Amino acid sequence: MKSHQTAQTMKPATAAKKLGVYLQATPAEFQEGAVSRTELNALQADPPEWLRELRRNGPHPRPVVAAKLGVSISGLARAGVTEALTTEQIDALKAENPEWLQKERATQAEVRKESARLKEKQHTEDEA
């Protein structure tokens, strides 16, 4: 007995998240249909022009904005940045380097340092 395997699909929001793009900026046909695992892999392997353009210029979703600015998503929220930003807007923020951005970057650096310290401590304990 052989079972037929159905194509695994995901909602457009999930696919957009996996592609690192802002769903509302994607083409209507992408937003309206389910995306199969095969289609997602094809988009990742050979991105169409609309996907390359979104990745290059945005608007970018908050996780991407946070990564490009070197802050956490929570840090964006504390600063009142709740909408998607374009690459141009992100570059302008970096150039302006407002106080909130400096503070959030410092906080993020401390979090990374502490995380590395704890990981090293765990590694040392595991060897003992």
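These numbered points walk through a few sites in a predicted model.

1. Start with His60. This residue is found in the loop between α4 (49-57) and α5 (62-69). Is His60 buried or exposed? His60 has a relative accessible area of 1%. The cut-off for buried is under 20%, so His60 counts as buried.

2. Look next at the polar partners of His60. The side chains of His60 and Thr87 are joined by a polar contact of 2.6 Å. The His60 side chain also reaches the backbone nitrogen of Gly58, at 3.4 Å.

3. The wider surroundings of His60 are worth tracing on screen. Residues up to four places away in sequence are not counted here. His60 touches Tyr22, Leu54, Arg55, Val65, Lys68, Ala84, Leu85, Thr86, Thr87 and Ile90.

4. Two of those contacts, Thr87 and Ile90, lead to helix α7. This helix covers residues 87-96, and in it Thr87, Ile90 and Leu93 are buried. Seen down the axis of α7, the buried residues fall within an arc of 120 degrees, so they line one face of the helix. Glu88, Ala95 and Glu96 are exposed on the other side of α7.

5. What covers the buried residues of α7? The cover includes α4, α5 and α8 (99-127). Check the end of the helix too. Just after α7, Asn97 takes a positive phi of about 45 degrees.

6. Now turn to Thr26, in the loop between α1 (12-19) and α2 (28-32). Thr26 has 5% relative accessibility, so this residue counts as buried. The side chain of Thr26 reaches the backbone oxygen of Leu23 at 2.6 Å.

7. Which residues does Thr26 contact, leaving aside its neighbours within four places in sequence? They are Val21, Gln31, Trp50 and Leu54. Leu54 is also on the contact list of His60. For a sense of scale, take Thr26 and His123. They are 97 residues apart in sequence, and their C-alpha atoms are 43 Å apart in space.

8. Finish with the largest pocket. Its volume is about 150 Å³. The lining consists of Val21, Tyr22, Leu23, Gln24, Pro61, Arg62, Pro63, Ile73, Thr82, Glu83 and Ala84. By class, that gives 7 nonpolar, 2 polar and 2 charged residues. Some lining residues have appeared above. Tyr22 and Ala84 line the pocket and touch His60. Val21 is in the lining and in contact with Thr26. Leu23 is in the lining as well, and its backbone oxygen is the atom that the Thr26 side chain reaches.

Notes. Residues are numbered from 1 along each chain as its sequence is written. This is a predicted model: local features need pLDDT of at least 70, side-chain atom pairs count only at pLDDT 80 or more; totals for chains, interfaces and linings use all residues. Side-chain values use heavy atoms; hydrogens and water are left out. Helices (H or I, at least four residues) and strands (E, at least two) are DSSP runs, numbered from the N terminus. Buried means under 20% relative accessible area, exposed over 50%, partly exposed in between (1.4 Å probe, protein chains only). A polar contact is a pair of N or O atoms within 3.5 Å; within protein, one must be able to donate a hydrogen and the other to accept it, and residues adjacent in sequence count only if both atoms are side-chain atoms. Contact means heavy atoms within 4.5 Å. On a 1 Å grid over the protein atoms alone, a cavity is a set of points where a 1.4 Å probe fits but cannot get out, and a pocket is an open set with protein on both sides within 12 Å along at least five of seven lines; lining residues have an atom within 4 Å of a point. Grid points are joined across faces, edges and corners, and a volume is the space filled by probe spheres set on the points. Ala, Val, Leu, Ile, Met, Phe, Trp, Tyr, Cys and Pro count as nonpolar, Asp, Glu, Lys and Arg as charged, and the others, Gly among them, as polar. The arc is that of the directions from the helix axis to the C-beta atoms.
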